[in-house]
Amino acid sequence: MARMKFLCDTERCIECNGCVTACKNEHEVPWGVQRRRVVTINDGVVGQEKSLSVACMHCSDAPCMAVCPTDCFYRTEEGVVLHDKDVCIGCGYCFYACPFGAPQFPQSGTFGLRGKMDKCTFCAGGPEEDGSEAEFEKYGKNRLAEGKLPLCAEMCSTKALLAGDAVEVSNIFRERVIRRGGKGVEAIGWSTAYGKGSADADTRAAAATAPVPEKTGGAQ
Amino acid sequence: MLVKRSNRPSGPASSAQADTASTFSAPRGLDRRSFLKSSGLAAGVGAIGAGLPFAMVRPADAASDSKAAGAVEMRRSVCTHCSVGCAIDAEVKNGVWVGQEPVFDSPINLGAHCAKGASVREHGHGEHRLRTPMKLHNGKWERLSWDAALKEVSEKLLAIREKDGPDATYWVGSSKHSNEQAYLLRKFVSFWGTNNCDHQARVCHSTTVAGVANTWGYGAMTNSYNDMQNAKAIFFIGSNAAEAHPVSMLHILHAKEGGAKIIVADPRFTRTAAKADHYVRLRSGSDIALIYGVMRHIFENGWDDKKYIEDRVYGMDKIREESMQWTADKVLDVTGVPDDQVHLIAETMAKNKPSTVVWCMGQTQHSTGNAIVRAMCNLQLALGNVGVSGGGTNIFRGHDNVQGATDVGPNPDSLPGYYGIAAGAWKHWCSVWGVDYEWVKGRYASPGLMEKSGITVSRWIDGVLEKNELIDQDSNLKAVVYWGMAPNSQTRGKDMLEAMKALELLVVVDPYPSATAAMAASVRKEGVYLLPAATQFETSGSCTASNRSLQWREKIIEPLFESKPDHTIMYAFAKRFGFEKEFVKNIKLDKDKQGWDEPNLEDTLREINRGTWTIGYSGQSPERLKLHMKHMDTFSAHTLKADSGPCAGDYFGLPWPCYGTPELKHPGTPNLYDTSLHVMEGGGNFRANFGVEKDGTSLLAGDGSASKGSDLPFGYPEFDHTLLKKLGWWDELTDAEKKAAEGKNWKTDNSGGIIRVAMKNHGCHPFGNAKARAVVWNFPDPVPKHREALYSTRPDLIDKYPTHEDKKAFWRLPTLYKTVQQQWKNVGKDFPLIMTSGRLVEYEGGGEETRSNPWLAELQQDMFVELNPATAAERGIRDRDWVWVKSPTGSQIKVRALVTPRVGTDTVFLPFHFSGRWMGQDLLNFYPVGAAPIVRGESVNAGTTYGYDVVTMMQETKTTVCQIVKA
Amino acid sequence: MNSLRHAALLAASLSLVLLGGCKESPQVLDKKAGEYQGKVDTRPWEGPAYKGDKATWESDLRARSGNQNELRRMPD
């Protein structure tokens, strides 16, 4: 088994916020805490608008973990980054470090502990007995322990947001990308990662936008 | 350093963990809500968390007190927030709805949900629900018992009936009622003695239903969300599916990824447009001109399907003539769309067949709505796309059961099943109800009023306010019952407030007190009652998705607080009105937990089955529907068909028409008018509903164009007893069937025998086989014509494309067209911006319900207006500024500015889901304590103007005018 | 591990005395830099649902993943 990962397919994400409320529903996440949210870039710009659902990415080399002064973070064998709220002091260093804005600092009383950091758990609960009230109150539901995947992905309206074992997720995504003729290489950040002007990127982009061969209509 | 779980001490759950936990975590019950209440939500949203305003124990609390940790039970229901029909699995523990799981098995949504669907569990807790009956007394909301409420309301209603007649009352039903409740409400209102009833469909798709049904037979989505997977091109115009029907995008993006081309035409670059191959910006209200522009290219290039038109369409030559008038320069002038884009739409639709179209309220909510939707039908007929998988007109309905409530619910011009309200229709339904026709007739003020269409919900305010001598009934409206609809979804809010003030009695039956309560309390001191209804999750019943599939909801939890299901409330009133026996003649009564009588919903559906032959609501017995809900996994998510299992051969939810009796085992109709299938496999053809001949031209379909396997391989009229006899098929009826069918047609033969013989024995369609009508000669514009909106910023176009003449008595009311348009001809000088409105994904309809759900409310906390950066700059407005949106009616609403290129410089957009603020004032104090929605905002309809469709009285919301200034 | 547990217990009793019903959690008094200082957690397959059967848990999760692939139910 590989690591647990989220993947958001920007060709599919329509900013319906189903993932956001699925998370709220499953974990009774209080007002003001956004464990998951959808961001839209170039909002309203014809041809350039893209939406993307973002939460904790459960980094393999997690900056939050690296900077935490109380070392409250741990990573599970499945690659899920979790933390112990009893140890967290709510300082916000992880908030500085996280490139995705995942750590949340609720106004009050959240998950039984004032001021402690809260974030996406990949529906894996936390360091309390699995399925216990204590786990639910501090961290939310533990779906992984029930053999289920994060509800945000399971309920995604267009199946844009995928979650699970990275091997399974990439298999689903690959099948999809092949079917749509190579799109997906235009994923957010592709040109940043591989260079706008590179021959490779241009070829891929051209392949992706090439017209579909004309189909014969019934009117002829 | 990486700390792995292997660092944990060996052995099962560490004792240190348990010890530590017990030191700080006070033990709690299993009620997840008590956790929620104490966990910061209240602080986050201010006053709403002020504690329970009523001294009562909620069922949820009571249940969680029980020590026994009950097992989790799964109950299956359907989301109540749009017409896609997404299935929901609810986890219930000790009577509390504790969890929501995706239903991956559903062939419609495959487990997927949008923001609304993923949050429906909140309704099962309902912190902001109306908890008890209330009345407005001395300007304050007071609690009263159900008994007192029923007594006071019924006495007042009966007094009005006595004094002013049954037509002095108005009954606003609901597209959120189940089929059974909607059906019972029509029956209820009939026994009260009026046709003054309506529901959301009037202001949602009434123009579609009338326009489309008059074109080819049935006023519904022809295909399905799933079938759109087969489309090679999809043209959206006036639909923002990504926000209004998000889960439909699962099927649509599947088509796109398989190579389908998507075009979105809209005044606004929507979330749907962001997923399209091409976006076309058109001027609001100019749809007909654009469609003719597209058709001109189709005809000029010979892309029309000539054989199809010859065999199956009447009057296309007239449409061709009209489209030739729409030259490139004229289309550009009216729509703002350059010819190359118009050509692109035509070519894409013609060369990527089958191609489909999608429309919603962007097309329907116009004073020309009926003509716009017919123009769309004609486009699809010209391309030969109707009755074809992957083609059709995919009209996305709005509410979860707006299709069903339209089909069998409280319509002012028809009894269930579109039977109309002529004497024959009444006799048919009286026989189904088991009541005496003469008795029902006696309930009405006169036979004339019994057969006269009632006032529409879009105009009830004029039923109150209009001069008595100008209305087409005896009395003005004195009492209005809002039974599951929001007032802020109707236009002319300013006039509505006046109407609310003038009424003698206003009754609101709703799970949420709704904006009606607050609006009324802001202008009245007495005479308003609120009755708490249960949501659809607290009862069972069927609902019809946009694709005509019926799904059966299981009751998830018992009604919360003191709420009661709508049909239980109807029966309680029927008792007070003295017609309870007639009301449930064929329907068993059950006792609920408090001992109230509840009409049995399975029996109610069986009664619907026994009477609704016209549109095939006859085969969907409760048993068949429940079997489908249980075996969802056996249905294909591509074809909706079950190839194996106990439902083998059926289409999911037996999409109507599902003809004949349940025993006939009709599988339902996945795509309407599809001649490639046998009628017993869901095939069909266009309906013979408009005679057999017009001006010397046959209206029957051409030879060889009948449905597969038909014994009559040509056009034929609808079946009745004489046709059956002429064909020599009469003796195929049983003796009992003969007795029932004598003198009847397929719609009124209550044995279903005529249908059985025609379909099963001979493969013929009971409604005949005719041509679709491109020209609807009984409508004001038989050939759809572009006409400028009543409030237009283009006086030059008003001269060229003026509106209709005024109408004297139209749905019982004088209705103005030309007078208004001429009076406001130069309105653009002071109100230069086109104002349009639409949906947000987080909210539904009037929005009180969804704005009361914290998980949704948090995502959209401010009412806003979208305006272009240039429009904003001209007015010195910056993003997030407060602005006043000023309307020619004198209304002005205070909202946030959202500066965005999403809209063009001439247009502004406002969402229509807000209420609870009124022209700058917060109405919080006018709600019952604790029952105000979390988010309140100005209603766009406080500022909308006059204007109604010339056929259906649909209100004009999509094209009006405003001015915006910085607040 | 013992010292950690000891510290936790100490903190727990201290908090009982000092904080009473304040619902404040015990603080960690002793910490090793770079090493996880919190409570240990169980693995997801060790809970009541799987009782340590990792293979079944993995298999179930893989099967569940398939629900996110609509292509399984929507063939071309």
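Q: In β13(B), which residue is the bridge partner of B:Val358?
A: This model is predicted. Strands of a sheet pair through backbone hydrogen bonds, either parallel or antiparallel. Here β12(B) and β13(B) run parallel and are joined by three bridges. In β13(B), the residue that partners B:Val358 is B:Asn394.

Q: Which strands stand at the edges of the open sheet of chain B that has the order β10-β9-β8-β12-β13?
A: This open sheet has five strands with parallel pairing. From one strand to the next, the twist averages 20 degrees. A strand with a single partner has one side left without a neighbour in the sheet, so the edges are held by β10 (278–280) and β13 (393–395) of chain B.

Q: Is B:Val357 buried or exposed?
A: B:Val357 is found in strand β12 of chain B, which covers residues 355–359. Its C-alpha atom is separated by 7.7 Å from that of B:Met376, although the two residues are 19 apart along the chain. Buried means under 20% relative accessible area. Because the relative accessible area of B:Val357 is 0%, this residue is buried.

Q: What is the order of the strands in the closed barrel of chain B?
A: The barrel has six strands, and their pairing is mixed. Neighbouring strands of this sheet are turned against each other by 45 degrees on average, direction ignored. The order is β26-β30-β27-β29-β28-β34.

Q: Which residue in β30(B) stands opposite B:Ile834?
A: Strand β26 of chain B spans residues 833–838, and strand β30 of chain B spans residues 907–911. These two strands run parallel and are joined by five bridges. Opposite B:Ile834, in β30(B), stands B:Thr907.

Q: Which element gives the most to the lining of the second largest cavity?
A: The second largest cavity has a volume of about 390 Å³. It is lined by 30 residues, of which B:Gly238, B:Asp266, B:Gly362, B:Ser837 and B:Lys958 are the closest to its centre. Two or more lining residues come from each of α7 (241–244), α14 (361–364) and β26 of chain B. With three residues, the element that gives the most is β26(B).

Q: How many residues of the lining of the second largest cavity are polar?
A: Domain 2 (222–395) and domain 4 (795–966) of chain B each supply at least three residues of this lining. The lining includes 10 nonpolar and seven charged residues. The polar residues number 13.

Q: Where does the largest cavity lie with respect to the domains of chain B?
A: A search of the whole structure finds 14 cavities of 30 Å³ or more. The largest cavity has a volume of about 550 Å³. Of its 39 lining residues, the closest to its centre are B:Lys176, B:Gln200, B:His399, B:Gly484 and B:Ala486. Because domain 1 (134–197 + 402–606) and domain 4 (795–966) of chain B both give residues to the lining, the largest cavity lies between domain 1 and domain 4.

Q: Which element supplies the largest share of the lining of the largest cavity?
A: The lining of the largest cavity divides into 11 nonpolar, 20 polar and eight charged residues. At least two lining residues come from each of β15 (505–510) and α32 (848–851) of chain B. The largest share is three residues, and the element that supplies it is α32(B).

Q: How many residues of the lining of the largest pocket are charged?
A: The largest pocket holds about 870 Å³ of space and is lined by 32 residues. Nearest its centre lie A:Glu15, B:Leu859, B:Gln860, B:Arg880 and B:Leu898. Its lining includes 11 nonpolar and six polar residues. The charged residues number 15.

Q: Which strand of chain A supplies at least two residues of the lining of the largest pocket?
A: Domain 2 (222–395) and domain 4 (795–966) of chain B each give at least three residues to this lining. From chain B, the strands β27 (864–867) and β29 (892–899) each supply at least two residues. From chain A, at least two residues come from β2 (37–41).

Q: How many helices and strands does chain A have?
A: From the N terminus on, the elements of chain A run β-α-β-β-α-β-β-α-α-α-β-α-α-α. Chain A has 220 residues, of which 60% count as buried. Its secondary structure comes to eight helices and six strands.

Conventions. Residues numbered from 1 in each chain as written. Chains lettered and ligands numbered in written order. Predicted model: local features only at pLDDT ≥ 70, side-chain atom pairs only at ≥ 80, totals over all residues. Heavy atoms only, no water. Pairing = 2+ DSSP bridges. Helix = DSSP H or I, 4+ residues; strand = E, 2+ residues; numbered from the N terminus. Axes fitted to C-alpha atoms, helices over the stretch in contact; angles between N-to-C directions. 1 Å grid on protein atoms, 1.4 Å probe; cavity = no way out; pocket = protein on both sides within 12 Å on 5 of 7 lines; lining within 4 Å. Points joined across faces, edges and corners; volume = space filled by probe spheres on them. Nonpolar A, V, L, I, M, F, W, Y, C, P; charged D, E, K, R; others polar. Domains from an automatic or database assignment. Buried < 20%, exposed > 50% of the residue type's maximum accessible area, 1.4 Å probe, protein only.
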